[in-house]
Amino acid sequence: MWRHGIIWRVGIFVIAMMAQMELAVSAPSGLSVRYQFTRSTDEALADLSGHGHHGTDVFAKGDNAWLDTPIGPVVQFSDEQDRISVPYASFPGKQGQTRMRLRIDDLRADQVLTRVYSVGGDGLRLRVVDGQLRFDYYHRAQSQWLSAKCPASALQAGQWHDLGASWSAAGGLVVHIDGKIAAVQELNLTPDFGTQGTVTIGNVDQGGHHLHGALALFEMDKNVATAESNRELQDRPQKDFLVFTDEQVLGLANQHMGILFSKKYAVPVGSIRGEKNDAHASLLTDQYQLGDLKLWDVTLTADHGRGPSLSFDNLDRHAKPSVQIERVQDGMRASLKWDGLQVPDAKEAVTVHVTVDLPNDSKLSYWRLNIDMPATSKWGVDHIQFPLLRLAPPASSARDVRMALPYRWGLNLPDPFYVEQQESSGDQEKEYQRITDYPANMHMQFFALCGESGESTYFATYDGQGFSKQYEFTALPTQEIIRLAVTHHPEERGQKSYRMSYPCVLGVFEGDWYDATQIYRQWAVQQSWCAKGPLSERRDSPDWITQVDITVKNSMSPGRTLESNVACLDKLTQAFGGPILSCWYHWNEYDPARTIIPQASLPETADNGRSVVPKIGVTEALSHFKKIGVNSTAYVNSKVYEQGVAPDDETRRMEPAGIRNEHGEIPLYNKTTLPQWLMCRASTLWQDQLVERTHEIMNAGFRGVYFDSFGRDEQWCFSDDHGHPVAGGNVGTNGQHRLAERVIQAAREHDADAVLISEASVEYFIDVIDAKLLHYDVLENGCPLWMAVYHDYQTYFGRSFGSERDATPHSYRLRLGNLFINGGQLGRLFAFGSSGHYPLTDQNADELAYFQQLMYLRKTQREFLTLGSMLRPVRIEPTPELARSDSGRAVDVPSILTSSWQSADGRVGTVVVNANDEPRDIDLVFDAVEYGFDEGSLFRVDCHGLDASGGNASNGRQLLSPQVSSHAVRIDQRLNATEAILLEFSVHSSN
């Protein structure tokens, strides 16, 4: 096992390196000595040229030995004892150069910056005399100093300069300042320096003149400096790059991050992190065995995935790896290539090419993979795992790390480096297995490892085309490592070459889960699914959908009558008004004798995809609902077709639209309980079928469609007849997107304000779906990642609220309160059954009052809770105790809930809900700068005096005076039992 032992500071870098070795910097071939002066420098100052000229007589490290500057911690010379002396056995001789990055604080004091003592006398020195920079050369034959003198205006006190000075017999003495020639002295410099001596930097006279300033870099080179070579030095400020190399490693970095690559295997074997001055913080582990050096794994297939398959990876014995660093337009690139990979039946070899781009001043690196296959081979690319990385804890203690994962609407998982693997397919266990699919359960394309003190790692795939992917996280507790593998699928299964059309993104940041969402949001809102703008600007969705505060679920399955549905909605609209959004299940007639569905499952899924006729009374009920402000959408399963007990004309017509697996068979929705065909949503025939159903739905009086089984799972379709690539990586998402476009267009031919709503918070469909169902209102370790990225672009509602779902009122308050503070519409409430729906039953008066408070705040604070963008939540002190939500799955959540939002006009609103049965005294703390709270007014909005209809009988708006100390704002509040409030900041931003 290799252990990377040296930690080397470069500016503000921390470089985790290999095997106790010193890292040499790529430079001109004549480089003789190089020192980078940083806080990690110790008494044995390392020569980074690789020639072993290590500093031995090093200045004493006092309190002022180090200086924090914009280019990072550097060495400060401020005392007569501050010096570095280096025995030097390889002088450049008749020609050479010295270069340094330097800041001189006092140009009035005479000082010597560097001096070279050669055998037989002085050699070179760089001085400041009366504010003038001088480069001196000691001509031994003439026993005198010869000088090139720069104008006094060439240097500025207190500013960083890149100085270069060269000497040669042909060119004399030349001085460069910041890449420009500042002085020339054409002299015949014939004497040689000899071979031994000492280089001294700082207090060169040991009691005489000494340097007043700071030094970041010093180099000596056997080549003569040119304007180009010194401009190259100038072109490497803190926002540019360093390239490192030695016998085993080649790497690149800017001031934020970087990656080291093994020359032998062309894979990453170390990393650079610049966010924290912490040698333990890292991106990638520096602990490897040979089997851990796998960066990619390619699976090939024959006959577009229908035939056999084979796999190979970058450790294949035929592979010929290479790595090089090159400059590109906006930064640097590591180019990794593997030639010579063999596949059966082909004389030509396979080539795999990986690029890692690190732009200027970027905290993110961008990774892509390309594969070139022999054109004559029967094999093509089936899928690729890339990158396979071994992630290290981004903090000094792995126990301090949490993983932000956009599973469902978001998780913030503790101890991701220690969780043991569990064999289970259940949702709660599967998330701990850390194997999740996009867009099935991972609804956005990023995750983050967040250290408690702020050092964090960010990973994402910036794919705007909706390709399916699998993200696999394997915790290795004994090594404190997470093994990451991302699986990608090409545009067509078995294609001859593969060009990754999107990058995998790896980087560093300082912050927590919320900061990670804001990094992702910068990219996400620029994609096609956000092109129609946020909800406050979007013009294609009807206005009424953003006015909805309650969503209900209607049903007419056995035991649920039309009359009970109407009565429930009458009661709701009388209590709270409209508009209300309804998702109506089982509203159509069906023929039990014809359906293949088992009797126990009727009528929930019968007649899917077939012509629909409303049950008796439904059309009249829909007309009534419109009058009272209820907008009903009809349940449609977007991917299931009822083929019936025996084939009929329609079955035979629709069969070609079914998904085909690799064996040419149509897979079933559920073989044991719901044996219906799975249909290809990219098939024009199936799209036509659902468009026809939409026209029937709208003619019945609905205001839109609710698409079940939409946006998430999709089996691969191997059909050659549907007009799409065979088993293509984004066939499912593109097919669903096109299906949604056609269905909403058909619906709006009947009603310009019709809507299409669906399940699953999948980003790719934001522009075609008007509202979405959130799976589960409360998740263990839940975290509002989706809301922090997309709340102002997509409205949503909860899963199911009914008395049978909540064993205790406390559980009900936690679930509903959690949905409320996350900006969701309240519900779906069950709007059927003889007992009415929760909470509008006689025995639930307290829960009705609680519901009324949330409704009032949603109605009056819509610019925050519906249209606002999420801010970082305030901190509640003392930390709220946990309470148990037991709605089908036991989850412990804070008993006091909060979230913060910013409206389009810049105001900030913070909602707080006390789900406890007793009052609580709390402090709310937040960062004033982050909230833009320079000055302004703070109001408390509560619900005192609510009347029975949810209106406010008295003014619940109170002016507050928060405690402001530096950036910290603290607000002390008393919350009554089951009380909800909103704090509104009418602020004037400093921006």
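**Figure 1. The whole chain, with its helices and strands.** The secondary structure of this protein chain comes to 13 helices and 63 strands. Keep in mind that you're looking at a predicted model. The chain has 991 residues, and 62% of them count as buried. Now take the contacts between residues with a separation of 6 or more: residues 24 or more positions apart account for 70% of those.

**Figure 2. Strand E31 and two of its partners.** Zoom in on strand E31, which covers residues 379-391. Is this strand mostly covered or mostly open? Mostly covered: twelve of its 13 residues are buried. Strands of a sheet pair through backbone hydrogen bonds, and they can do that in a parallel or an antiparallel way. E31 pairs in the antiparallel sense with strand E25 (residues 297-302), over six bridges. To find your way along that pairing, look for Thr299, which stands opposite His383 in E31. E31 also pairs with strand E38 (residues 481-488), again antiparallel and over six bridges. Here, a handy landmark is Leu388, whose bridge partner in E38 is Ala485.

**Figure 3. An open sheet of three strands.** Which order do the three strands of this open sheet follow? Reading across, you get E44-E46-E45, with antiparallel pairing. Strand E44 (640-641) and strand E45 (668-670) stand at the edges with a single partner strand each, so one side of each has no neighbour in the sheet. Two bridges join E45 to strand E46, which takes in residues 674-678. For a closer look at this junction, find Asn670, which stands opposite Leu674 in E46.

**Figure 4. Two aromatic pairs, Trp296 with Trp338 and Tyr635 with Tyr706.** The structure holds 32 aromatic pairs, and two of them are shown here. Trp296 and Trp338 meet edge-to-face, with 5.5 Å centre to centre and 80° between the planes. This pair links distant parts of the chain: Trp296 sits in the loop between strand E24 (287-288) and E25, while Trp338 belongs to strand E28 (residues 331-341), 42 residues apart. Both Trp296 and Trp338 are buried. The pair made by Tyr635 and Tyr706 is tilted instead, at 6.2 Å centre to centre and 40° between the planes. Tyr635 lies in strand E43 (residues 630-637) and Tyr706 in strand E47 (residues 704-708), so this pair ties together parts that are 71 residues apart in sequence. Are these two tyrosines buried or exposed? Tyr635 counts as buried at 10% relative accessibility, and Tyr706 is buried too, with a relative accessible area of 1%.

**Figure 5. An aromatic cluster, and charges over rings.** Phe446, Tyr458, Tyr462, Phe509, Tyr520, Trp523, Trp529, Phe707, Phe710, Tyr764 and Phe765 form one aromatic cluster. Rings can have charged company as well. The charged end of Arg399 sits over the ring of Tyr418, 3.6 Å from its centre. In another spot, the charged end of Lys469 sits over the ring of Tyr502, 5.1 Å from its centre.

**Figure 6. Two cysteines, Cys504 and Cys568.** How many disulfides does the structure have? The count comes to zero. As for the two cysteines in this view, Cys504 is buried with a relative accessible area of 0%. Cys568 counts as buried at 5% relative accessibility.

**Figure 7. Helix H7 and what it packs against.** Helix H7 runs over residues 684-699. You can check its length yourself: at 1.5 Å a residue, its 16 residues should span 22 Å, and the end C-alpha atoms are 23 Å apart, which agrees. The buried residues of H7 are Trp686, Gln687, Gln689, Leu690, Val691, Arg693, Thr694, Ile697 and Met698. They pack against E43, E44, helix H6 (649-654), E47 and helix H8 (731-748).

**Figure 8. Val636 and its surroundings.** Val636 has its place in strand E43. This valine is buried, with a relative accessible area of 11%. Which residues does Val636 touch, leaving aside its neighbours within four places in sequence? Val636 is in contact with Leu690, Ile697, Val705, Tyr706, Phe707 and Asp708. Two of these names may ring a bell: Leu690 and Ile697 are among the buried residues of H7. There's also Asn608 to look for: Val636 and Asn608 are 28 residues apart along the chain, and their C-alpha atoms are separated by 7.2 Å.

How values were computed: Residues are numbered from 1 along each chain as its sequence is written. This is a predicted model: local features need pLDDT of at least 70, side-chain atom pairs count only at pLDDT 80 or more; totals for chains, interfaces and linings use all residues. Side-chain values use heavy atoms; hydrogens and water are left out. Two strands pair if DSSP finds at least two bridges between them. Helices (H or I, at least four residues) and strands (E, at least two) are DSSP runs, numbered from the N terminus. Buried means under 20% relative accessible area, exposed over 50%, partly exposed in between (1.4 Å probe, protein chains only). Rings of Phe, Tyr and Trp (its six-membered ring) pair if their centres lie within 6.5 Å; planes under 30 degrees apart count as stacked, over 60 as edge-to-face and the rest as tilted. A charge sits over a ring if NZ of Lys or CZ of Arg is within 6 Å of the ring centre and within 35 degrees of the ring normal. A disulfide is a pair of cysteine sulfur atoms within 2.5 Å. The expected span of a helix is 1.5 Å times one less than its number of residues. Contact means heavy atoms within 4.5 Å.
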